[in-house]
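Q: Please take a close look at the sheet in this model. How are its strands arranged, and what surrounds them?

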Amino acid sequence: MKGFIWWFYDLWFTALLRYTICLSRRKYIYFVDIDNTIANTHPTLLDSDLSDKERLLSLECIMPMVDLIIRNQSHNRVFIFITARSYFNYEVTRKWLRINGLPNNHGNVILVKDAKHKVDLIASTYVAHRTIVIDDMSYNHELGTVKFYDRQIYILKQLKLKYLDHHFIHKVVDGN
C-alpha cells in the first residue's frame with residue numbers, strides 16, 4: 001500500500017509540474033530548492049524534540065536568498081520550488097513559503113523523493129535556455145562534513161539551462 005501511495009504522489013507532482021511548465025509559455029522558469037538553499041534546514045535535522053511539521057515550520061529563512069527571489073518576481077518569471085521531502089509535508093511546505101512571503105500555489109511547489117528524482121524531473125521538463133536551477137545539491141551538513149550530489153550536479157551542467165550552485169548561494173549570502 002505504501003508503494004502505491006508513493007507512486008501516486010510521484011505521478012501527481014510530475015503531472016502538476018508539466019502543467020505548470022505548459023502554462024509558463026515564454027517565461028523564464030526558476031527551479032528553486034528549499035532546504036539549505038532558501039531555508040536554514042541543517043541545524044534542525046538532529047532536533048528530535050519537534051515533530052517534522054513543527055521543525056519545518058520553524059525553519060529560518062536564508063534572507064539574502066529569499067530577498068533575491070522576492071526582488072526578481074515579475075510577469076516573465078515563474079518560480080517553482082522543488083525539494084526532496086516527504087510527500088506528506090506538502091501543505092506545511094506551502095505554509096512555510098506563504099509565511100515567508102514567497103510565491104506559492106498548487107502548481108509551483110513540487111516535492112520529490114530524493115536528489116536523483118529531482119534532477120530527473122527537471123531534466124524531463126525544463127525549457128532550454130529559459131530555465132535556471134538554484135540548488136546547493138548538498139547533504140550531510142548536520143554531521144559536520146558537507147557532501148555533494150556529484151552525479152546530479154554533472155547532469156544539470158550538461159543540460160541547456162543555467163545552474164546556480166552552492167558557490168552562487170554563498171556569494172549571495174556573503175553579499176559578494
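A: A residue is called buried here when its relative accessible area is under 20%. This is a predicted model. With that cut-off, strand 6 (residues 131-134) is a good place to begin: Thr 131 and Val 133 point one way, Ile 132 and Ile 134 point the other way, and all are buried. In a regular strand, side chains alternate between the two faces of the sheet.

Strand 6 belongs to an open sheet of five strands in the order 5-4-1-6-9, paired in parallel. The edges are strand 5 (109-112) and strand 9 (162-164), each of which pairs on one side only. On average, neighbouring strands of this sheet are turned by 20° against each other, direction ignored.

Strand 6 has a partner on either side in that order. With strand 1 (residues 28-32) it pairs in the parallel sense over four bridges, and Val 32 stands opposite Ile 134 of strand 6. With strand 9 it also pairs in the parallel sense, over three bridges. There the bridge partner of Ile 134 is Leu 164. Ile 134 is thus a point of contact with both sides of the order: Val 32 stands opposite it, and Leu 164 in strand 9 is its bridge partner.

Towards the other edge, strand 4 (residues 77-84) and strand 5 run parallel and are joined by four bridges. Within this pair, Ile 82 stands opposite Ile 110 in strand 5.

Helix 4 (residues 90-99) lies across strand 4 and strand 5, and runs at about 135° to strand 5. Its buried residues are Tyr 90, Val 92, Thr 93, Arg 94, Trp 96 and Leu 97. Just after helix 4, Gly 101 takes a positive phi of about 75°.

Two other helices can be added to the picture. Helix 3 (residues 63-71) holds Asp 67, which counts as partly exposed because its relative accessibility is 31%. The C-alpha atoms of Asp 67 and Gly 175 are separated by 12 Å, although the two residues are 108 apart along the chain.

Helix 1 (residues 2-24) is the place of Phe 4. Phe 4 is partly exposed, because its relative accessible area is 49%. Together with Trp 7, Phe 8, Leu 11 and Trp 12, Phe 4 forms a nonpolar patch on the surface, and the five have about 570 Å² of accessible area together. By contrast, the residues of strand 6 named at the start are all buried.

Key:
Residues numbered from 1 in each chain as written. Predicted model: local features only at pLDDT ≥ 70, side-chain atom pairs only at ≥ 80, totals over all residues. Heavy atoms only, no water. Pairing = 2+ DSSP bridges. Helix = DSSP H or I, 4+ residues; strand = E, 2+ residues; numbered from the N terminus. Axes fitted to C-alpha atoms, helices over the stretch in contact; angles between N-to-C directions. Contact = heavy atoms within 4.5 Å. Patch = residues over 30% accessible without salt bridge, like charges linked within 9 Å, V, L, I, M, F, W, Y side chains within 5 Å. Areas by Shrake-Rupley, 256 points an atom, 1.4 Å probe, with all protein chains shown as cover. Salt bridge = Lys/Arg side-chain N within 4 Å of Asp/Glu carboxyl O. Buried < 20%, exposed > 50% of the residue type's maximum accessible area, 1.4 Å probe, protein only.
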